[in-house]
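Got your viewer open? Load the model, turn on the cartoon view and keep the selection box handy.

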Amino acid sequence: MPDDIRDELPHALNVLWGRAKPKGRGRTPALSLERIVAAAVALADEEGLAALSMARLAERLGCAPMSLYRHVAGKDDLQLFMLDAVPGPPPEFDTAPADWRGSLTRWAVQLFGVYLRHPWIVQLVNSPPMDPGQLAWLDAALRALGGTQLDQRARFSVVMLVLHYVRGAAQLLTSMTAEPEETADRAYAALLTELADPGRFPALARAVEAGVFAPQPGAGPDDDFRAGLDYLLDGVGVAVERAARA
């Protein structure tokens, strides 16, 4: 990596790429970067991203806030370390899997699970990924399409389409109230029944009347997500078949 590019990157990214030494290296304090990041993830999972501060994190770790700065430059760097660590390794694919649809479905479902377990992620992913953790997931998704005849730009477009769908679905689901999902669904359905005037919102009123927004008996929390993903991949399949005939 050229020095001018390295100088423009946050320190955390240079650490993650092995281009810089982590703070605290060579010391033997009770704290470690790994322990700090794990505690920050746990705090964000339990109380939300708004609760994450260096002071709260120090309290959880039983140390002085200044001790944290021996390992991380600040909250922005901490969040980069969190984003890199939380997703874990992506699913493994060959460079050209025979079942592109099954592979991409597996990728999307696993990423959806990551977002549901750590809902604060969708608040932080507001820029292109540059850390090795997120780029590993991007690489895996591109490899899932390696057996198709789609060109590289088309593969990237498909991955972005699926990624935005996964993020949007997760953000919608995790932004709902803390009430049980069925209770929240019933409350929303009742509200729309009152507000969706057929004269003003005819299509929406028909959807409400058909029970689209009411909880479905026996339905799992990701059933709607999987159904939407199937519709999306049906469209991708048309493009894959067209590329194969070209």
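What follows is a walk from the overall fold to a few places worth selecting.

Before clicking, some ground rules. This is a predicted model, where local features need pLDDT of at least 70 and side-chain atom pairs count only at pLDDT 80 or more, while totals for chains, interfaces and linings use all residues. Residues are numbered from 1 along each chain as its sequence is written, and side-chain values use heavy atoms, leaving out hydrogens and water.

**The whole thing**

Start with the cartoon. You'll find 13 helices and zero strands; both are DSSP runs numbered from the N terminus, with helices being H or I of at least four residues and strands E of at least two. Of the 246 residues, 39% are buried. Buried means under 20% relative accessible area, exposed means over 50%, and partly exposed is in between, using a 1.4 Å probe and protein chains only. Now look at contacts, meaning heavy atoms within 4.5 Å. Among those between residues at least 6 apart in sequence, 69% join residues at least 24 apart.

**Into the core**

Next, select Leu78, Met82, Leu104, Trp107, Trp120 and Val162. In the largest nonpolar core, which has 59 residues, these touch the most other members. Such a core is a set of buried Ala, Val, Leu, Ile, Met, Phe, Trp, Tyr and Cys residues joined through side-chain atoms within 4.5 Å. Which helix gives this core its largest share? Color helix 7 (residues 100-117): nine residues of the core come from there.

Zoom in on Val162. Not counting residues up to four places away in sequence, Val162 touches Leu104, Trp107, Ala108, Leu229, Leu232 and Leu233.

**A glutamine stop**

Now pick Gln79, in helix 6 (residues 75-85). Gln79 counts as buried because its relative accessible area is 14%. Setting aside neighbours within four places in sequence, Gln79 is in contact with Leu49 and Leu124.

**Helix 9**

Select residues 132-144, which form helix 9. The end C-alpha atoms of its 13 residues are 18 Å apart, in agreement with the expected 18 Å at 1.5 Å a residue; that expected span is 1.5 Å times one less than the number of residues. Show side chains, and you'll meet the buried ones: Gly133, Gln134, Trp137, Leu138, Ala140, Ala141, Arg143 and Ala144. What covers them? The cover includes helix 6, helix 7 and helix 10 (152-174).

Then go to the N-terminal end of helix 9, which Asp131 caps with a side-chain oxygen 3.2 Å from the backbone nitrogen of Gly133.

**Charged pairs**

Last stop: salt bridges, where a side-chain nitrogen of Lys or Arg is within 4 Å of a carboxyl oxygen of Asp or Glu. How many does a search of the whole structure find? Six.

- Select Arg60 and Glu46, whose side chains meet at 2.7 Å, N to O. The pair links distant parts of the chain, 14 residues apart, with Arg60 in helix 4 (residues 54-61) and Glu46 in helix 3 (residues 33-47). Arg60 is partly exposed at 36% relative accessibility, whereas Glu46 is exposed at 54%.
- Try Glu47 with Arg56, where the closest N and O atoms are 2.9 Å apart. Glu47 is partly exposed at 43%, and Arg56 is partly exposed at 30%.
- Finish with Asp222 and Arg226, whose closest N and O atoms are 3.2 Å apart. Then add Arg101, Asp230 and Asp234, joined into one network by salt bridges that share partners.

Notes. Polar contact = N/O pair within 3.5 Å; in protein donor to acceptor, adjacent residues only side chain to side chain.
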